[in-house]
Amino acid sequence: MEEAGKEEFLRFANVKKTYDQKTLVVKDFSLDVKQGEFVTLLGPSGSGKTTVLMMLAGFENVTSGSITINGAPMTTTAPYKRNIGMVFQNYALFPHLTVAQNLAYPLTVRKLPKAVINEKVAQYLKLIELSHFGDRHPGQLSGGQRQRVALARALIFEPTLVLMDEPLGALDKKLREQMQFEITRLHQRLGFTVIYVTHDQVEALTMSSRIAVFNEGVVQQYASPDDLYERPANAFVANFIGENNLIPAAISGGAGTGFVAASMQCGTAIQARNGNCGARDTQSIISIRPEKLAIKTEGQAFDNQVSAKFITRHYVGDFIRYYFQLSDGSNVTVKTLNDTKAPDFTEGQTTVLAWMTSDCFAFSTHSSPVQGEQP
Ligand code: ADP
Ligand code: MG
């Protein structure tokens, strides 16, 4: 769907990359990004995310395909004229320069007048709440403060496009969350376009307008965070975004538009949403999120149910995680809120797990990559 008033800004078209002329580390990468979007490339280590950023920055050649900004190929603009800001996990600040001198650097190389530079440096120090730290050296700052300076240095020359490659990877959880907040706040205030790389799905979900889920050099799905979570395109995405129980089943037939009937390996007949699964008699993977599975009690109505053996339960504070096993040996996790109704069982006790068909997908056993709907 076209977002009102936002033009297509950056476009990757069928980009391929090989380093050794044998294996493609980026297989066929196409992606459209609108001006002002916050797009995240999310995928496991080695899936080709950094390679995509390096090609965009002009540090690596594209083997085939094209990258265009406002319709013009990247390669027609010299790297220093591309007006791209960059923040990397270990993007070192100049240790011999003060914080203020580090921030001034991109403006000095662009030959801005001294008065303008001083004004901008003060403005950006304030923006990252380090106004009193301008005279310090990077070595006198905490990790989080250093990363804020690196962020300000990437933004101070007002780039239209900012690339961030796992910029928070070296920070501990609390600082990381604080920086996620800082980055999204700056993005909203300043309106630049971000291509952000991470392997952390929570980070991707909280920060992005759209996420491209990457695996083995191929985009598995490109969609908004809630679409990825609510409507995963295949079993890889279902398992990578959040948590899912993946249970083997065989498709037994249709069950109305968009739905299928299936027989779980334990023999239980169920219905599920058709997530690009195969036809009748093909093997499939049923996916149900742990929070969508209920431990059935009297008087509740569900579409599907299966009997399960209790293994153990873990207390996690605000919720309780239960481990069950189905009769075919499949392990199943159930997450319930920790309230007075949370039941307890003895090991080996049999109970009934239940869920709604709308919360359950049948996927193909071959993760079939689906490029999300392009605008
Ligand atoms: P990610 O950032 O998702 O972890 P990368 O883009 O760094 O993935 O790497 C993708 C693949 O390309 C990996 O198999 C990696 O070993 C390989 N690779 C990355 N950079 C180079 C390089 N400069 N030369 C050769 N192979 C590389
Ligand atoms: Mg990387």
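## A tour of helix pairs and a ligand shell

Begin by selecting helix 4 and helix 5, and turn the view until one lies in front of the other: their crossing is right-handed. As you look, keep in mind that this is a predicted model. Helix 4 covers residues 143–155, while helix 5 covers residues 173–190, and the axes of these two helices come within 11 Å and cross at roughly 20°. Angles under 35 degrees count as roughly parallel, and helix 4 and helix 5 are therefore described as roughly parallel to each other.

Keep helix 4 on the screen, hide helix 5, and add helix 2, which you will find at residues 99–109. Helix 2 and helix 4 pack with their axes 8 Å apart, at an angle of about 25°, which makes helix 2 roughly parallel to helix 4. Rotate the pair as you did before, and you can follow how helix 2 and helix 4 cross in a right-handed way.

Now leave helix 2 selected and exchange helix 4 for helix 3, which runs through residues 114–127. How far apart are the axes of helix 2 and helix 3, and at what angle do the helices pack? The axes of helix 2 and helix 3 are 9 Å apart, and the angle is about 125°. The pair is therefore classed as oblique, and the crossing in which helix 2 passes helix 3 is right-handed.

For the next stop, select ligand 1 together with the residues that surround it, namely Y19, V25, P44, S45, G46, S47, G48, K49, T50 and T51. If you colour this shell by residue class, you should find 3 nonpolar, 6 polar and 1 charged residues around ligand 1. Highlight helix 1, at residues 49–57, as well, since the largest share of the shell, 3 residues, comes from this helix.

Then zoom in on the oxygen atoms of ligand 1 and look for these contacts one at a time:

- At G46, a backbone N or O atom lies 2.6 Å from an oxygen atom of the ligand.
- At S47, a polar backbone atom is 3.1 Å from an oxygen atom of ligand 1.
- At T51, the side chain takes part, with an N or O atom placed 2.5 Å from an oxygen atom of ligand 1.

Finally, show the surface of the protein around the ligand: on its own, ligand 1 has 560 Å² of accessible area, and the protein covers 55% of that area.

How values were computed: Residues numbered from 1 in each chain as written. Chains lettered and ligands numbered in written order. Predicted model: local features only at pLDDT ≥ 70, side-chain atom pairs only at ≥ 80, totals over all residues. Heavy atoms only, no water. Near = heavy atom within 4 Å. Polar contact = N/O pair within 3.5 Å; in protein donor to acceptor, adjacent residues only side chain to side chain. Areas by Shrake-Rupley, 256 points an atom, 1.4 Å probe, with all protein chains shown as cover. Helix = DSSP H or I, 4+ residues; strand = E, 2+ residues; numbered from the N terminus. Nonpolar A, V, L, I, M, F, W, Y, C, P; charged D, E, K, R; others polar. Axes fitted to C-alpha atoms, helices over the stretch in contact; angles between N-to-C directions. Parallel < 35°, antiparallel > 145°, perpendicular 65-115°, else oblique. Left-handed = near helix turned anticlockwise from the far one by under 90°.
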